[in-house]
Amino acid sequence: MTEKVVVALGGNAILQSGQEGTFEEQMENVQSTAMQIVRMLEAGYEVVVTHGNGPQVGAILIQNEAGSNLVPPMPMDVCGAESQGMIGYMLCQALRNCMLGKKLKGWEPCCVVTQVEVDPDDPAFANPTKPVGPFYTAEEAEKRMIEKGEVWIEDSGRGWRRVVPSPDPKHIVEIEGIRHLFDERFLVIACGGGGIPVIKKKDGTYQGVEAVIDKDLAGERLAQEVGADIFMILTDVPKVAINFKKPNEKWLDVVTPKELRAYEAEGHFKTGSMEPKVEAVIRFIENGGKRAIVAKLDSALEALKGETGTQIVSVKEKSSIL
């Protein structure tokens, strides 16, 4: 049976640590990423792709500020849409180029600029925690807080930075279109950067909000709503670890959600790094998914085959594997 896979690309798929973020650098990284995705298609997997956008939307926000005396700056939801289009363009072109000469039936790459519904009563709106955009002085931050009602924090001695809510994803607005394209063997790129956060008003209309949805949690929601068998997060480490970077570091091979919850309670997973990835894979299995994976980008196909990466499965599945 052909397995459906939602692949969530980490930041290293587009921009490597230490790089400036030029288009040429990012396109080269995306080309390498596209080769990994095409390997999955050649092996017979059906794939939907999602990705992060942190550095890219951050750059757009800085460009917004720098040019604000020349053109009106755009709100965060619009900046998120811009980044989806930019990264979607790069991925579609790279995938198309990588497919040349391959015997693949269908799988035309396409990008869906995606809105993700959030609950306006989500507690995150009362407690903004996600840093976005450039650093400012205390005086500039105070002015913004007074004039625009924004929330700013001092960030690790590097200056003041705006923080926005990070609400839970509840529903993907364009899901019917994504499902239809997927069923027709289009290689869909969707929910980039966690999706554009929107709320649904009482009259049924949608409105964008100033927030950032965690990309891994949005990827899990996408995997649920397209009926994926496997949800795979590709990152820059080979597996999930406990006691990470300590003498007693241990890489996890096959684990259950219950085991991960126990490790999470012990504080093994860093907030904003591995913690949301662990939460996302736990949710996928608890919501009926067959298998979740956390693995390194350059060993994606091997992880799908179960040869590497951390494999997250139900208790029943784990007993059959072991």
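**Sheet pairing, helix α1 and cysteines in the predicted model**

Strand β10 (residues 196–200) is joined to β11 by three bridges, and the two strands run antiparallel. Within this pairing, Val198 has Gly208 of β11 as its bridge partner. The structure is a predicted model. β10 and β11 belong to an open sheet of four strands, ordered β8-β4-β10-β11. Pairing in this sheet is mixed. The edges are held by β8 (171–172) and β11 (206–208). Each edge strand has a single partner, so one side of each lacks a neighbour in the sheet.

Helix α1 covers residues 23–42. Its length was checked against its residue count. At 1.5 Å a residue, 20 residues should span 28 Å. The end C-alpha atoms of α1 lie 28 Å apart, so the expected and modelled spans agree. Gly44 follows the helix and has a positive phi, near 100°.

Several α1 residues are buried. Towards the start of the list stand Gln26, Met27, Asn29 and Val30. Thr33, Ala34, Gln36 and Ile37 are also buried, as are Val38, Met40 and Leu41. An α-helix has 3.6 residues a turn, so residues three or four places apart point the same way. Such spacing recurs among the buried positions, which include Gln26, Asn29, Val30, Thr33, Ala34 and Ile37.

Gln36 was examined individually. This residue lies in α1. Its relative accessibility is 13%, and Gln36 therefore counts as buried, the cut-off being under 20%. The Gln36 side chain makes a polar contact with the side chain of Arg39, at 3.1 Å. Beyond its neighbours within four places in sequence, Gln36 is in contact with Leu297, Asp298, Ser299 and Ala300. These contacts link a buried position of α1 to residues 297 to 300.

The cysteines were then considered. The count of disulfides is zero. For Cys92, the closest cysteine sulfur is that of Cys111, 5.7 Å away. A disulfide requires sulfur atoms within 2.5 Å, so the Cys92 sulfur is too far from that of Cys111 for a bond. Cys98 is likewise in no disulfide. The cysteine sulfur nearest to that of Cys98 belongs to Cys92, at 12 Å. Both Cys92 and Cys98 are buried. The relative accessible area is 13% for Cys92 and 12% for Cys98. Both values fall under the 20% cut-off, so both residues count as buried.

Definitions and conventions. Residues are numbered from 1 along each chain as its sequence is written. This is a predicted model: local features need pLDDT of at least 70, side-chain atom pairs count only at pLDDT 80 or more; totals for chains, interfaces and linings use all residues. Side-chain values use heavy atoms; hydrogens and water are left out. Buried means under 20% relative accessible area, exposed over 50%, partly exposed in between (1.4 Å probe, protein chains only). A polar contact is a pair of N or O atoms within 3.5 Å; within protein, one must be able to donate a hydrogen and the other to accept it, and residues adjacent in sequence count only if both atoms are side-chain atoms. Contact means heavy atoms within 4.5 Å. The expected span of a helix is 1.5 Å times one less than its number of residues. Two strands pair if DSSP finds at least two bridges between them.
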